[in-house]
Amino acid sequence: MLFKKKGNSIRKSKKDKFTPKMSLFRAVAKPVINARYNVKLLEPLAKADSPVLILGNHPSNLDPFIAGVYTPNKKMRILSSNFYFRIPVAGKFLNSLGAIPKQQFSSDIRSMKAMLQAVANGYSLLIFPEGRRSICGEYVEFSDAIAKFAKKLSIPVWASLSHGSYMSWPRWAKKSRRGKITTDIKCILSADEVKNLSVDEIYTRIKEGLYYNDYEWNRSANVKFRNRKVAEGIENILYMCPKCKGVATMQTKGKTLYCTSCSNTAIMDQKGFLHPSTENDVVFDSPVDWYHFQEDIMREAISAEDFSLTATIFKIKKSDPYIGKITPCTSPSGTLTLDKTGLTFKGTIDNNEETTLFFPISSIPALCTAHKNDIEISDKLNTWYFYINEKQMTVQMDIAATLLHRLQGSDN
């Protein structure tokens, strides 16, 4: 029997309480999404008669809506970050559609069981293997765990690939902007191919099917994404000046990104590209290239034996690692330090008691953050929400943690 385990198996259920609600959501959401974001489906794909594994790229918050609306299979369950289930209205909505909560950047047995159960009951699955929205507009590397899961399911694999989604709503921007989004949904692996190919071959096919770079796409697409304050917020991910190498010196106003140390200035156009304000300014025309420049500098920094980044805390919240309510801590104070071994908190959390928390680098493939002043990270007992004083430090810690994790490997 499918998904058999020792001593038991996944039980099938005849009752389908989610598909009617998903159908209603799709009917309501599609015209709204089209009107606001000008979404174009490149080639319609025929509906599958049995479950498929749908993998989407994740440039922005729009992706679950786009993939959820345009995928031909209505009988579908979506894997979503458990953070959204903690928000009362969002959690209720997601539960009504049968969305499955997943703890970010951690092995989650509960979500695995729920997904296996869903497929056994005839549902397709929609998963975003990157695990988070793109930071700079380019594909985020992910592990081969998704290829292993596809192998376990042995069902067809589809890719839902969008371009323009990042530029319609960059993760650093306060508001979305209207331009154009193209979406292509296609089968990248048949059931027979999944069964016969190795995990490495499946992994390669998935990565090829989901790769994107919205800026490279827009060099030829030439789409304008109109916004009066088009650059504001991008300093949350572009923190280093390419001219003076100043750290946390970049600021924005309107369409301008500038360095507070040397006055190096870039002007962002409506297509998302950056241009030097004068012939003496040094800029990268693409935020992707600018971000890679920062990664290269950080790669050198973490090679030092005494490498560390430290931030001071002004607020801490905590919750159950899965779905529980988020509660504020009573006496938040202390420091959060990232070094080659991991992330360490030292200070007080509740009742002014001195506390030390340690999260090994092997358990941090990336930091869960909105790249403002927030860092979310889980241990076996709690999910912790740290809020730091230092501006532009979360992106520095995120880049460093990601690079260190790649060097040292995973314990998941």
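A salt bridge here is a side-chain nitrogen of Lys or Arg within 4 Å of a carboxyl oxygen of Asp or Glu. The model is predicted, so local features need pLDDT of at least 70 and side-chain atom pairs count only at pLDDT 80 or more, while totals for chains, interfaces and linings use all residues. Residues are numbered from 1 along each chain as its sequence is written, and side-chain values use heavy atoms, with hydrogens and water left out.

**Exercise 1. Count the salt bridges, then work out which parts the pair aspartate 398 and arginine 132 ties together.**

Step 1: the count comes to seven salt bridges.
Step 2: pick the one between the side chains of aspartate 398 and arginine 132, with 2.8 Å from N to O.
Step 3: place both ends, taking helices (H or I, at least four residues) and strands (E, at least two) as DSSP runs numbered from the N terminus. Aspartate 398 sits in helix H12 (residues 393–408) and arginine 132 in the loop between strand E5 (124–127) and helix H6 (145–153), so the pair links parts that are 266 residues apart in sequence.

**Exercise 2. Work out the strand order of the open four-stranded sheet and find its edges.**

Step 1: call two strands paired if DSSP finds at least two bridges between them.
Step 2: the order then reads E8-E9-E10-E11, with antiparallel pairing.
Step 3: E8 (250–253) and E11 (274–276) each have a single partner strand, so one side of each has no neighbour in the sheet.
Step 4: ignoring direction, neighbouring strands are turned by 30 degrees against each other on average.
Step 5: zoom in on E8 and E9 (residues 256–259), which pair over four bridges in the antiparallel sense. Methionine 250 stands opposite cysteine 259 there.

**Exercise 3. Describe the hairpin of E15 and E16.**

Step 1: E15 (residues 342–348) and E16 (residues 354–360) are antiparallel and share seven bridges.
Step 2: lysine 346 has threonine 356 of E16 as its bridge partner.
Step 3: five residues lie between the strands, and asparagine 351 takes a positive phi near 60 degrees.

**Exercise 4. Describe how H1 meets H4.**

Step 1: fit axes as lines to C-alpha atoms over the stretch in contact, with angles running from 0 to 180 degrees between N-to-C directions. The axes of H1 (residues 19–37) and H4 (residues 88–97) come within 7 Å and cross at roughly 115 degrees.
Step 2: with contact meaning heavy atoms within 4.5 Å, H1 brings Lys21, Met22 and Phe25, and H4 brings Phe93, Ser96 and Leu97.

**Exercise 5. Compare what lines the largest cavity and the second largest pocket.**

Step 1: use a 1 Å grid over the protein atoms alone: a cavity is a set of points where a 1.4 Å probe fits but cannot get out, a pocket is an open set with protein on both sides within 12 Å along at least five of seven lines, and lining residues have an atom within 4 Å of a point. Grid points are joined across faces, edges and corners, and volume is the space filled by probe spheres set on the points.
Step 2: the search of the whole structure gives one cavity of 30 Å³ or more. The largest cavity holds about 70 Å³. It has 13 lining residues, with Met167, Pro170, Arg177, Tyr215 and Gly272 closest to its centre.
Step 3: the second largest pocket holds about 510 Å³. Its lining has 25 residues, and Gln103, Ser106, Ser363, Ser378 and Asp379 lie nearest its centre. E16 and E17 (374–378) each supply at least two residues of that lining.
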